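Q: I'd like to learn how to read a two-chain model, feature by feature. Could you walk me through one?

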There are 2 protein chains.
Amino acid sequence: MELSEIYEPIKPDLARVEEMIRSAGQADLPWLPGALARDLRDGGKLAELLAYSLKGQGKRLRPTLTLLAGSFYNYNPERLLPMATAVEILHTATLVHDDAIDNSPVRRGQPTINQLWGDEKAILLGDYLIAQAEELAAATRNPRVITRLARTLMTIAAGELAQGSSAFNPELSRQQYRHRITSKTAALFSLATESGAILSQAPPEAAKILKDYGYNLGIAFQIVDDIMDFIGSEAELGKPVGSDLAQGTLTLPAMLLLERYPENNPVREFFQNRDRPEAIKRAIELVRSSSIVPECYEIASDYCARAGRHLRRLPDNASRRSLLDLADYVIARRG
Amino acid sequence: MELSEIYEPIKPDLARVEEMIRSAGQADLPWLPGALARDLRDGGKLAELLAYSLKGQGKRLRPTLTLLAGSFYNYNPERLLPMATAVEILHTATLVHDDAIDNSPVRRGQPTINQLWGDEKAILLGDYLIAQAEELAAATRNPRVITRLARTLMTIAAGELAQGSSAFNPELSRQQYRHRITSKTAALFSLATESGAILSQAPPEAAKILKDYGYNLGIAFQIVDDIMDFIGSEAELGKPVGSDLAQGTLTLPAMLLLERYPENNPVREFFQNRDRPEAIKRAIELVRSSSIVPECYEIASDYCARAGRHLRRLPDNASRRSLLDLADYVIARRG
């Protein structure tokens, strides 16, 4: 199943989201006096930075989730489009700040904002993008989804703080790992689907099903991301293989590797002595040659199955089929 | 006039704002499952960082403005208190990010977050605080003020980007300076007063008067801040004298100095050759011994007069007297 087929039911509105993203990138600041707005837009290359960070490198998966999840009851583009745009822009904001924090030089095969313009501009651009996401969420005039967007960012930031504190620590429980990927990825996925449900006036049970779908899909998506970091190519990943380990982030494949090889474990060796990057290579080879990869895929598949389990209680339509297909796509994707 | 007298009309509610700030600092994340919430709160010292950044070092001027501005029509603490808290927390967030960007080691005489815990934690803490401010604004259930809070952060971030781009540039027009301090300070002051007006259902003309009051007071406040950077003591400032120049930020006293001494100007010299910090000392001495300081105060006083000019059209009450007194206080303050 190609992504373009999955996106088919919401294709015209996703194009309108793309247009809203582009428009947000122009930084017109129309609520300010003209001279001030122009000075702020042009004085610090704001429009250039925004256009660079927002240009369509990604799959626009999160706004797609909002639009699909909003397709079961009162489909209301006037509210769904700004929220879908908000979700994507919030995602971009967290990537810009993460790259600055991690000193990442590339993302999706392109130089990062911090690499091209420095950390200072990356911090401020990220702040602007967060505020832009909040402004778009406020355009829904629905305090519930506005609150949820704010709380999602609190969850993400708290999770990143916790992840930073456990960097290079080989002792991480499966529960802690699930918590990390919940805050890193699943929280935003479930915001995307739940807000679509809320804004289309889904009944509470249906909203819960769609929220849980987003959560489980997000967990599966992140596990596959973590597998890809071991088995993908640099071209597929758009960044070096083994980046997670290099940054001291323990992911599911590395945890299984630690469990399986208690002696002479390359992950433990590297975390204890970061002057040995060759240990990362050994860890990658060991993961690739063991049964760890299929095991991780099985765990991810379980989450996808959970994501789809209750969807059939929703009205049968093309969006429901797309959500089901998306769960398969998440497992099958490369990069 | 002491600040405590000015604060008198809203003293009990400012204490409740202080309590809400303290409570926000506990990072209970009550919308998450318990184990996840505890892990995120404790995993990365979130509560410790929040408590440190939010503890009452400042004057709580901005929430005071919201409460005072909300005192003329339907005083509604249920909406005003979260908004006043949101404004203060947003202010804190911008300070945390600014300090990381500027590599500032101290603020208000205390080590900064970036100094104690590093830039990474400062970026994430700032993001959390921004989101916390948005969540509190959303608790007003008033999309207008939620939108205004988001736009204020967009204005602030865009202004900081512009300021960063013109660092160490001695060519800055008076208009550009006004734009910089509008985005740096006056935008948040006018958000504070306008949101108080909106949430108390002030008629449009009164809301405009209160918004303009906040703007003009903010401009005056920042000009006095910029003067203090030249004439204050390190103890009063809580940071080294001449910090603005050291960071390449051209403020009003430095602009007047450039106009007055076109030859052998120490500001121009330092901006051209940053290896000469002794030029900063000379600039400070020249400003202190010239008529530049009273001139700057006169400009600040003009803005204070403008702030107060239309206040008398509002209902006469203790809050109106406090707002008028605050305009005097802003000129008289030291540190």
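**Reading the model, one feature at a time**

A: Sure, let's begin at the end of a helix. After H6(B) comes B:Asn103, and its phi is positive, near 55°. Keep in mind that this is a predicted model.

Q: How many residues does H6(B) have, and what span does it reach from first C-alpha to last?
A: The general idea is that an α-helix has 3.6 residues a turn, so residues three or four places apart point the same way. Here, H6(B) has 26 residues and reaches 37 Å from its first C-alpha to its last, close to the 38 Å expected at 1.5 Å a residue.

Q: Is H6(B) mostly covered or mostly uncovered?
A: Count the neighbours: a residue is buried if 20 or more other C-beta atoms lie within 10 Å of its own. By that count 22 of the 26 residues of H6(B) are buried, which makes the helix mostly covered.

Q: And which residues of H5(A) are buried?
A: That helix spans residues 61–69 of chain A, and 9 of its 9 residues are buried. Among them are A:Leu61, A:Arg62, A:Pro63 and A:Thr64. The cover over these buried residues includes helices H2 (11–24), H6 (77–102), H10 (174–199), H11 (204–231) and H18 (318–332) of chain A.

Q: Back to positive phi. Where is A:Arg141 found?
A: A:Arg141 sits in the loop between helix H8 (119–138) and helix H9 (143–165) of chain A. Its phi is near 55°, a positive value in a residue other than glycine. A:Arg141 counts as partly exposed because it has 17 C-beta neighbours inside 10 Å.

Q: Why does B:Arg108 count as exposed?
A: It has 12 C-beta neighbours inside 10 Å, and a residue with 12 or fewer is exposed. B:Arg108 lies in the loop between strand E1 (106–107) and strand E2 (110–111) of chain B. Phi of B:Arg108 is positive too, near 50°.

Q: Now the pair. What turn lays chain B on chain A?
A: As a rule, two copies of a chain are related by a rotation about an axis and a shift along it. For this pair, a turn of 180° and a shift of 0.0 Å along the axis lay chain B on chain A with an RMSD of 0.0 Å. That is the relation of a two-fold axis. Both copies use the same surface, as 100% of the contact residues of chain B recur in chain A.

Q: How many residues does the contact take from each chain?
A: The contact takes 51 residues from chain B and 51 residues from chain A. On the chain B side, helices H3 (34–43), H6 (77–102), H8 (119–138), H9 (143–165) and H10 (174–199) each supply at least two residues. H9(B) gives the most, with 16 residues. Sorted by class, that side of chain B has 25 nonpolar, 15 polar and 11 charged residues.

Q: What radius of gyration would a compact globule of 335 residues have?
A: It would be near 20 Å, and chain A has 20 Å, so the two agree. The C-alpha atoms of chain A fill a box of roughly 65 × 50 × 30 Å along the principal axes. Of its 335 residues, 56% count as buried. Chain A has 18 helices and 2 strands.

Q: Last one: which scores does the model get?
A: The model scores ipTM 0.97 and pTM 0.97. Chain A averages a pLDDT of 95, and 99% of the residues score at least 70.

Note on methods:
Residues numbered from 1 in each chain as written. Chains lettered and ligands numbered in written order. Predicted model: local features only at pLDDT ≥ 70, side-chain atom pairs only at ≥ 80, totals over all residues. Contact = placed C-beta atoms within 7 Å. Helix = DSSP H or I, 4+ residues; strand = E, 2+ residues; numbered from the N terminus. Nonpolar A, V, L, I, M, F, W, Y, C, P; charged D, E, K, R; others polar. Expected span 1.5 Å × (residues − 1). Least-squares fit on C-alpha atoms with pLDDT ≥ 70 in both. pLDDT = per-residue confidence, 0-100. Rg over C-alpha atoms; globule rule 2.2 N^0.38 Å.
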